[in-house]
Each structure stands twice: as structure tokens, then as C-alpha cells.
Amino acid sequence: MDYNFREIEKKWQKAWAENKTYKTEIDHSKPKFYVLDMFPYPSGAGLHVGHPLGYIASDIYARYKRLKGFNVLHPMGYDAYGLPAEQYAIQTGTHPAVTTEKNIARYREQLDKIGFSYDWDREVRTSDPAYYKWTQWTFIRLFGSWYNKDSNKAEAVDKLTEIFRLSGNSGVNAACSETHVFTAEEWNSMNEREQQELLMNYRLAYLADTMVNWCPALGTVLANDEVSEGFSVRGGHPVERKSMKQWLLRITAYSDRLLEGLDRIDWSESLKDIQRNWIGRSEGCSAQFALKNTEKQLEIFTTRADTMFGVTFMVLAPEHPYVAEITTPECRAKVETYVNWAKNRSERERMAEVKKVSGEFTGAYAINPLSGEEIPVWVADYVLMGYGTGAIMAVPGHDSRDFAFARHFGLPIRQVVSRKGETPVDPSEWEESYDSKEGVMINSGFITGLEVKEAITSAIRRVEELGIGYGKVNYRLRDAIFSRQRYWGEPFPVYYRDGMPYTLTEDELPLELPEIDAYLPTETGEPPLARAKNWATKDGYPLETNTMPGFAGSSGYYLRYMDPRNTTEYFSKEANEYWQDVDLYMGGAEHATGHLIYARFWNKFLFDLGLTVKDEPFSKLINQGMIQGRSNFVYRISGTNQFVSYNLRKSYETQPIHVDVNMVHNDILDIEAFKQWQPQFSGAEFILEDGKYLCGWEVEKMSKSKYNVQNPDDLIGKYGADTLRLYEMFLGPLEQSKPWDTNGIEGVFRFIRKLWRLYHDFDNNFLVTEGQPSGQELKVLHKTINKIQEDTERFSFNTAVSAFMICVNELSELKCSNRQILNELTILMAPYAPHIAEELWSLLGNQGSVTFAEFPVYNPAYTVENTFNYPVSFNGKLRFTLELPLGIPVPEIEKAAIAAPEAAKWLDGKTPKKVIVVPGKIVNVVV
RNA sequence: GCCCGAGUGGUGGAAUGGUAGACACGAAGGACUUAAAAUCCUUUGGCCAUCGCGGCCGUGCCGGUUCGAGUCCGGCCUCGGGUACCA
């Protein structure tokens, strides 16, 4: 064996660990650079080949930055709390901590084999009391804070009570739950319980009754981003709506800042769009519609105040408090039946029946404040209580849902917007609502004739003049539900006195997770922590039995890495001032509406407290694409144990059967391995083509059941970590999703051995030559330096690997073994293939690790060409090429092109109309 | 429905508006070898060709801008992701 990767990789991994090569300290003499991977949840299945994709990319970048003279922080840890370990505990009784510990050990082993440059001394685990102490600490601070919209930041609740004591709440502009106005006297005469209840409306971490996503199978509540189409993201269990008392984080207070911050960070536009949509800011206006025969006003929110003259009815959500109050006796029975039916329908049913129109007339009428018309009030489940006010003004002419509803129940439809130059058609002939984003108002009283935009402003102004509403901004973003009825999570640092929650003091932290006898809810349905003995404070007050959700621990871990062993603070001021924020964050786009939004909120809150110097935590973020599986199939002839090769399958009636991809090489089946794979195939017969059995293939999700899972360990065993690293990068653009396919890995392996041979003679003796490199050698090297630098900086790692291949091919061609050239090449390779680079670096006689070498400086002087092979086109079609010196004047080039012997044929005796010459690029002759 | 992103050889993929298919894989042929592995060489988008001159067609489809379009613009089709009675 010439290139012995097994020995080399083991040797250097050991050396890096022993010398703590990647240990990082604050160093003010160097600029900092913080490269972070989204830390993994250590699942029992271990890493598959998709996980390291992002880690390899970020590791290459981290190593590159070190060569460029940066002090690089590149840590790793574990998102160690989570459902799978707890589910396993329920089934087996094994403590989740034990399972987690074991899984972490396996992850670590796998990660170490790939040769990452993590500073493991900074490892954090979210389930470690030394870590979650600070998660709990942050919760206490959230509980003790409110959001002042005037100063636009979080402030202490103590300051708020002071204001209440002196002047009540009328002058307070807070992001809060709905509260009535009270005076200082009223506040001061309240008892503590009343005051606490009131303050709950202001706290950034607060307790409230809310409709939650309850998952009976998991026995817990889930956040919106943990639910997809009515099923839990983890496990795929059905989810239903239920009202429960829950802790919430008032993330909505930060809606605008979360939105604004997106403009200042370097994330992909698509990811920012996902967050923008999730926050869902919409500008509009709120307006009160008077209800006939009562004093009541019905408040609605609309983004299209201009269409108010087109309102022909109103709709309330079934949960709207007014439904019961305004329904007339004649309609009561029907409305009650409808409301009950609507309320009990699961999310699932509602989603499945979006197209079905349902609703009921309440018997009540409202009065259109602009037109004075009387309009009926309906109740229907297409209006959601959770958005706006739970009531809408229906404009069936210009809203598809209102239109469908009006058609179904025979309600009038009126057109109020018309595009310029179009003659309005009777709405009764429409098949759908009329798109009204642009146009001119018609049938609209005082705004008739205005453009939509002006009409909106005009209508809002009138609403404000009438004192029935005001311009308002609405958000789709909801406060984050922060309680989970689970065991394996952070305990809340909260106890209850007289039924009111209070937080522990800082010196009582961490509040450690107690031992319990079974990882299940109690018989009375309380969360598992209710089983813990003495789950109470020293004074005997009961502690909170919910635990925090998965996103709690991951919301601030990047800050803790800056100073992970600090026992007196979350992280020191010094550490935060040095490391500031994450310069490069690498991870999956699936966290767009979860972790990535919570972490930004968490960080902004800590920024308000003055703890962090940056309000945005991740200045650049890259989403690595998903690695999909590539499945292989064999084709069994129906009713037989005969298998027909891929291209012959059409002549038979066959069923495709998944076959383990590890038994297939370049789509050719290892027949013996297949026979031994499962007993049912032991007697299998095969119809071959060209003496081989060819399998079919398809791109699918990587999963055990599809037998297409590839784990990195096998590949490292066969080719080594450096080959795996290069191959994962060579697969294609980092951000693109792509199928995993080992078909190309041989090529990368060949390349790396070819690289090795540059430094060795035929007998594998290390051999480099001294002396000055040739001009050609320098040209190849410097072309490569330039390309690698450019490609690495724009994260185009696939083309960088190609550039290395070209470089090694060319140097091999030149039979180059020059020390100077190879020394520089070694440094270039180091971020990509660190083990072989380290070995060659030491063979070259260099002291110390190549990690801290200096990145070669590109010298364009070595790569200048003095001639250029001009492509000459006629009418845009390439006809021939012409070698000409660079730097000769344009008319000369023109002349040379036309005078070329090949040109005569295309000129056909004519004089060219025009000749375009782009020096150093192209010549185009127009005939 | 709405908002993004992507469609290039048998495959993964290259290509600041300037020689489409770099670099690999696979395949075919050859060298070396008792043989195999490894290695090396040649060919490899399609069609036509008096296959050593050459030509025509080709980047999902239809148009447009331009001396010149895979790249820019307009309209469609397909696939992937996000979101969904959000007023």
C-alpha cells in the first residue's frame, strides 16, 4: 500500500488531541472569526453521511481562516435534551441521561474520525446542569422583564411596578396582553395576588391559558413549528387543539426588530423570506362596526380599508365572545349547533375540508360605518380567532374566501374596484372574486375614482376621523409556548405560592432535574415531574412540574461557547466583546421558523439587558442542502423467485424491490451477497444482461426501510477521512440538495493517491527536489492558489476540489517534485484534506502543525499569458480560433481575424458589416 | 392558492452576457500482467459525413433584448422547498 490513510489519519488525530492543536483562547493580537455548526441532537442511529456535509464545509472554512491569520473559534456540543431518549426511557426504563451519554459517545467517535478541528474543551451539553443553569437564569430574567415600546427594549418589571405605583398604567406603552386601564390608586389598593395577575400581562415570560397544540400520543404540547399539517414533526402523531395553562415567551414584542434585523444579516433570501412570512407583518387598520339594536361595537382588522363600501356581510369566528351575545333567539339553536360542531372539529378535519363552505347566520345586523348600510353578521369557521380580532368585514367581490361564502349562502356581491379601461361586468356572472390589487375605486362614495393605494389611505383617515378605528399593524407571529409536559428537559426555576408563580433566586440555580420512578404522567394527568419526591422549595412551596421545550437550550448555546466554563456568569463581558457574534453559521434550513427565530429573539433580549454586544447572533448563515438517499432496486418477475436485470425488465411483469445499496456497486448487484442477505432470496435466480445484474435506482429520503443509508464509518474504513471530506464537497454545490451516490468516490480516492505520488518516487520513498521551480510549475501553482482562495471564500467547495485535481494532473504531467511548489500545495490542501496535508507537511521537514501555516500569496505575475487563442465567430457562430498576442490594438485583431485563411469561406467575398472585438475574449464578425 | 428555488450528456456537475459540457463517475477500446488488482493511454452530447475535410442541431417549452443568451426580460410547463381559510 503506497498511501496508508489508516495509519496517517490515526496518527494525526491522536497528535491533534494530545497537543490540543485546536484549543482556542482569546488573543487580541489576531482578528477573531467564529465558525459554528448547528449542534446535533445525538440520536441512537448515529451520524449518517448527510450530517457531516455542513460540518466538513464549516471545518474547511475554519481551517482556511486560521491559515489566513484569524483566531478561529470552532466549537461543538450537543442538543442533549429531547423526545427520543425519553420515549426510549418510557419503553425500557433506561434513564434518558444514560441513553444520551451513550449516544454522545458514539457521535463523538464518529466525529473524531472525520478530522474536525473543534476545540472540544469548549463542548457544551444542554442537559448539563452547569449549562442549563444559564437557560434557567435567562428565564428568570425574561420573567422579570417587560417590553417598553417607547424605548423599544426590554426593561425590568421592578421599574414597571414603580410606574404603576406612581401613575397607573395609562402612560405605559408596552407589548402586553389585553389589559384595562388603571390608576395609581387602584394599583396601590390591589392585593399582591391581583398585582401579580396584572403583571403577568406584561412579563416577557408569562403564564396564560392558551389554545395549544396538544399531542396525545406524546402526552405534551408542541410549538407551532413542531407541528406540520396537523401532525407532530417528530414521530408524526396527530395533534389537536386544547386550552391549557402554559408558559409563553412574548416573542411578539420583538416582531418588528426580528423583521428589521433580517436586513442587516447575510442569510439566503429564501430563508429570510421564510422568516418574514412567519412573522407575517401586515399593515392595515382596525375599525369598529356598530351593531344594530345594541351598544356593542364589533372590531375588525383589514388590510383593505378601501373596499369598505363593498362589505355586504360580516363574519365572526366560532370562538368569538360576541357570538353568544348577539345571536337572536330565532337563530340560537342553529348557531349553537354550528359552533359546537366547529369547535370540536380537529385541526386535521378543518385542513382537509378547506374548500367546504360552512357557516350560520346569527340574526344580528351591523352597520357599515362608511356607507351606513345594514349588513348581516354570520359565524363561520373560515375566520380564525387567533388572527386579528376574530371578526372580519366580508368583501365578497374582491376576496376569494368571502366570495365562496357569499355564493354558497346567496349573499350579495358588489364590485368596488375596477382596472383602468375595463367595463365592469355584473358580479352575478363571475366565477371567482375580482383581483383588486390594482385599479380604481367604483361604487365607493367619497373614495370613488381614487387609485387603490390612495383609497386605502383615505379610508383609514376617515375611519380615524370618525373615531372608530386607526391604522394598525398586525402580525402572524404568535407568542412561543414554552411549557412541555415532559421529563427530559430543563426544569423551570419557578415555584407557586397561593397559586401564583414566583421565580427562584439566582443563587438557587441550577434547579436540577429530579429523579423519578417512571417517565410518565401521573394518574391525575400531571407531567412526569409531579412524581418527583419533595419537588418543592426549602419553604415547602411546590415547584413547577412542566419542563422547557427543545428550543430553550439551543437559543443561547453559541454565547456559552465563548466562555463555557464560567461558573459565575453566562459568559464574561471580555469573552463576548472579543468573540462578538457568529461569523459563519452552518446548518439546515428546517430550523428557519424554530431555532433560528428563537435564538435571534433570545439574543436580542440579552442585548437589551446589556449582556451581548451584538443584537443579531449569526451574521452569516449558510444552509447546507439535504443529502437524499439513492435507492437501488431489483426486479422480481411476479410470482417467481426470478430476478431480471434492469434493461430487460420491460419484457416481464415485475415488482421492484428495494435492495441494500451496500450490496450494489455502480448499480451492479453482488449476486452472492444478495442471496445471503435474506433467507427468501437464497434460491433466487437471475436473468442477466452482459453477464451482470444491473439494478434500477431512484432518489428518495435516506431511511433504514429503503436500505439506502450510508454511514460515514464504512466509507472512512475503505477510503479514509480525507477522501470522504473531499468527496462530500465534490458532490455539488453546498447549498443544493443532492442524492448521495458513492459512484464517484473512487475518482476522489484516485486523486488523493496521485497527490501522494507527487511527493514520492516509484518505491514510495519520500522524494522532493530542491532548487528553483520552473515557470510552468509556478504558473500551475499560482493559478491554483488564486482559484482555491476565490472558491473557498465563496463556499464553492466542489469547484475547489476540481481545481486541486487539475493542479495535481498538471503537476504530474510536468513531473514536478519541487519542494517550494509542493510545500505551498500542502498548505492549500490542508483545510480540505488535513490528515494527508499534516503528514506531507511533516515529511517536508516543517516544524509544527500545518494548521497554523501561512496561506500562500497569489502572485499574478506567474500566471500572465502573452498570447490568447481568440474564438472567431461569424454572426455569433464560432467558426475557428486564432492565436494572437495579447496587448495588440483592436484594429490589428480585427485585421488578423478577417485575413485568417479560414475566414474567406465565411466572408464569401463580402465585406463585413461590423466586427466586434473584445480584447482577451472574443472576435465576432457580422456579415 | 400564495412566496421562494431549480430544470445543462448515461450520472454528479462546470461556465464575471463572450469557445456550453471544466472536473469526475460510468461505458467502450488499448498498454502492462501468467492472471487479477493497481496504474497508464485513446474515445465518449446527438445527428449527418466522400467518418483525418467538415457541417447541422443542442442548456424544460414559446417569444423578446443583444454583434453574441445556459446566463438578461415576458409568458408557459415540470419538479423541489416554505406557508396556508392570516382578512
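Two strands count as paired if DSSP finds at least two bridges between them. With that in mind, open this predicted model and start with a sheet.

**First stop: a mixed sheet.** Select S33, S32, S35 and S34, which in that order make up an open four-stranded sheet with mixed pairing. S33 (877-885) and S34 (914-918) are the edge strands; each has a single partner strand, so one side of each lacks a neighbour in the sheet. On average, neighbouring strands here are turned by 20° against each other, direction ignored. Now select residues 922-926, strand S35, which pairs with S34 in the antiparallel sense over five bridges. Within this pairing, Val 917 has Val 923 of S35 as its bridge partner.

**Second stop: an antiparallel sheet.** Select S6, S5, S9 and S19, an open sheet of four strands in that order, with antiparallel pairing. At its edges are S6 (220-222) and S19 (480-481), each paired on one side only. S5 (residues 205-215) runs antiparallel to S6 and is joined to S6 by three bridges. Show Asn 213, and Leu 222 of S6 stands opposite.

**Third stop: RNA strand B.** Select the 50 residues that surround this strand; the closest are Thr 303, Arg 401, Leu 731, Asn 809 and Lys 921. Of the RNA atoms that come within 4 Å of the protein, 62% belong to sugar and phosphate. The residues of this surface comprise 20 nonpolar, 16 polar and 14 charged. Helix H25 (residues 797-813) gives the most, with six residues.

Then pick out these contacts with RNA strand B:

- Arg 750: a polar side-chain atom lies 2.5 Å from a phosphate oxygen.
- Tyr 387: a side-chain N or O atom is 2.8 Å from a phosphate oxygen.
- Leu 384: a backbone N or O atom lies 2.8 Å from a base nitrogen.

Note on methods: Residues numbered from 1 in each chain as written. Chains lettered and ligands numbered in written order. Predicted model: local features only at pLDDT ≥ 70, side-chain atom pairs only at ≥ 80, totals over all residues. Heavy atoms only, no water. Helix = DSSP H or I, 4+ residues; strand = E, 2+ residues; numbered from the N terminus. Axes fitted to C-alpha atoms, helices over the stretch in contact; angles between N-to-C directions. Near = heavy atom within 4 Å. Polar contact = N/O pair within 3.5 Å; in protein donor to acceptor, adjacent residues only side chain to side chain. Nonpolar A, V, L, I, M, F, W, Y, C, P; charged D, E, K, R; others polar.
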